[in-house]
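Here are some exercises to work through with the model open beside you. Try each task before you read its solution.

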Amino acid sequence: MLIDLKEKVYSIGLMSGTSLDGVDVCLASHENNHHELIAFRSYPYSEELKQKILKASRLDSSNVQLICSLNKELGITYVSAIQKFLEDTNTLINDISFIANHGQTIWHNPESIDGTYPSTLQIGDASYISYKFNKTVVYDFRSLDISADGCGAPLVPVVDYLLFKEKAPAILLNIGGISNITYISKNKKQEEVVAFDTGPGNMLIDGLMMKLYNLPYDEDGKVASSGVLSNELLDTLMQDEYYDLPYPKSTGREKYNESYINYILDLGKKLNLKNEDIIRTVTTLTACVIKHQVKKFFKDFDGVLIAAGGGCNNPVLMNELRSNDYTLQKIDDYNISADAKEAYAFAILGYLRLTNQASNLRSVTGSSDNLSLGSIILPPVIK
């Protein structure tokens, strides 16, 4: 144990997700397993950096030199984001006990695709971050779970459980690049928590917006709201076998990538759809995939579905998520910004690691053991 549970400490949490919008940074406090989100900011990636990440994430364009250089470049980007965050929030680095850095996922392969070993890789030089601030850094949260035969994802459910178990029955939904859900049963038992990636969140919408409009995302759902739903396209896309796979399961850009986006565009062309109709249909798809899996796996769920992530800013998507079976709320109703949740979650996961507490859920990842996830770099400068 590197932190005393009874000691109040402050942390910085970093998250850069599959949607590639940029770096989310939060300030959190921790004391005796009580956590509080204090401040949050988001700093966008440059378009050049985003394209490098996309290139590094594709088998046909990646190479070791690119990945190695990008690891350092992301470390520099994270340090710059932290420095800007400290200035913007009038926070002193001397008050920070540790930094928790998820890193940027460029490959996640928990199921041994094409005979390769189960593996995952998040880059963003943690050593550089630790050196620049001379702080403890917790990073590489997913590898150990995969080493124990787990999926390495999703990892936020243990935080969902800690923060929201008193709201049970509840489903915590995060709509980032990928959408994932955490189910907390009426019994509130940790071993009954179920969580998994449902499939695409903003990833397909954002990719299509860039292809069709040269815009990074559909701001306020304006393009989707101007389009008409194509039931034929929706029905075809809903045939994706991933949606009916049993949990535990996880997915990412290795599946819902540019090739998948081109597949959607080819279908849209055959159906003579307008661009806005494609955006509307894929926005509806994101919601339908979530609702389909809630109904399939939690047939009698009638509690509250609490939504977080960038998708909460899309009113078309949020409206499609409404149901007579459950109550839909935003996590903002609980004094946690929808955009801040994942950075906050990894700050908490960092705290659990440094206090030597389990931070995976075997019922969620399929891991063989309860594990305290994350590698640790202690302050490196010897004075």
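**Exercise 1. Find where D220 sits, and say what is unusual about its phi.**

Start with the place: D220 is in the loop between α6 and α7 (222-226). Helices here are DSSP runs of H or I with at least four residues, strands are runs of E with at least two, and both are numbered from the N terminus. Before going on, note that this is a predicted model, where local features need pLDDT of at least 70, side-chain atom pairs count only at pLDDT 80 or more, and totals for chains, interfaces and linings use all residues. Residues are numbered from 1 along each chain as its sequence is written, and side-chain values use heavy atoms, with hydrogens and water left out.

Now the backbone: D220 has a positive phi of about 55 degrees, although it is not a glycine. Most residues other than glycine have a negative phi, and most peptide bonds are trans. Last, the surface: D220 is partly exposed, at a relative accessible area of 44%. The cut-offs are under 20% for buried, over 50% for exposed, and partly exposed in between (1.4 Å probe, protein chains only).

**Exercise 2. Do the same for N335, then look up the cis peptide bonds that lead into P154 and P169.**

N335 lies in the loop between β11 and α12 (341-354). Its phi is positive, about 65 degrees, and N335 isn't a glycine either. With 72% relative accessibility, N335 counts as exposed.

For the prolines, take the bond from A153 to P154: it is cis, with omega near -15 degrees. P154 is in the loop between α4 (143-147) and α5 (157-164). The bond from A168 to P169 is cis too, with omega near 0 degrees, and P169 belongs to the loop between α5 and β7.

**Exercise 3. Work out the strand order of the open sheet that has 5 strands, and say which strands stand at its edges.**

The order is β9-β8-β7-β10-β11, with mixed pairing. Two strands pair if DSSP finds at least two bridges between them. β9 (194-200) and β11 (327-330) stand at the edges; each has a single partner strand, so one side of each lacks a neighbour in the sheet. On average, neighbouring strands are turned by 20 degrees against each other, direction ignored.

Next, zoom in on β10 (residues 304-308). On one side, β7 (residues 170-175) pairs with β10 in the parallel sense over 5 bridges, and L173 has A307 as its bridge partner. β10 also runs parallel to β11, joined by 4 bridges, with V304 opposite T327.

Finish with the side chains. In a regular strand they alternate between the two faces of the sheet. In β10, V304, I306 and A308 point one way, L305 and A307 the other, and all are buried. With 5 of its 5 residues buried, β10 is therefore largely enclosed by the rest of the structure.

**Exercise 4. Describe the hairpin formed by β2 and β3.**

Strands β2 (residues 22-31) and β3 (residues 34-44) pair in the antiparallel sense over 10 bridges. G22 stands opposite P44. There are 2 residues between the strands, and N32 in the turn has a positive phi of about 50 degrees.

**Exercise 5. How do α6 and α10 pack, parallel or antiparallel?**

Begin with the geometry: the axes of α6 (residues 203-213) and α10 (residues 275-297) come within 9 Å and cross at roughly 170 degrees. Axes are lines fitted to C-alpha atoms, for helices over the stretch in contact, and angles run from 0 to 180 degrees between N-to-C directions. The two helices are therefore roughly antiparallel, a label for angles over 145 degrees.

Then list the contacts (heavy atoms within 4.5 Å). L204, I205, L208, M209, L212 and Y213 in α6 meet N275, E276, I278, I279, V282, T283, L285 and T286 in α10.

**Exercise 6. How many disulfides does the whole structure hold?**

The search finds 0, where a disulfide is a pair of cysteine sulfur atoms within 2.5 Å. Check C312: its sulfur is 17 Å from the closest cysteine sulfur, in C26, which is too far for a bond. C312 is buried, at 5% relative accessible area, while C68 is exposed, at 57%.

Definitions and conventions:
Angles under 35 degrees count as roughly parallel, over 145 as roughly antiparallel, 65 to 115 as roughly perpendicular and the rest as oblique.
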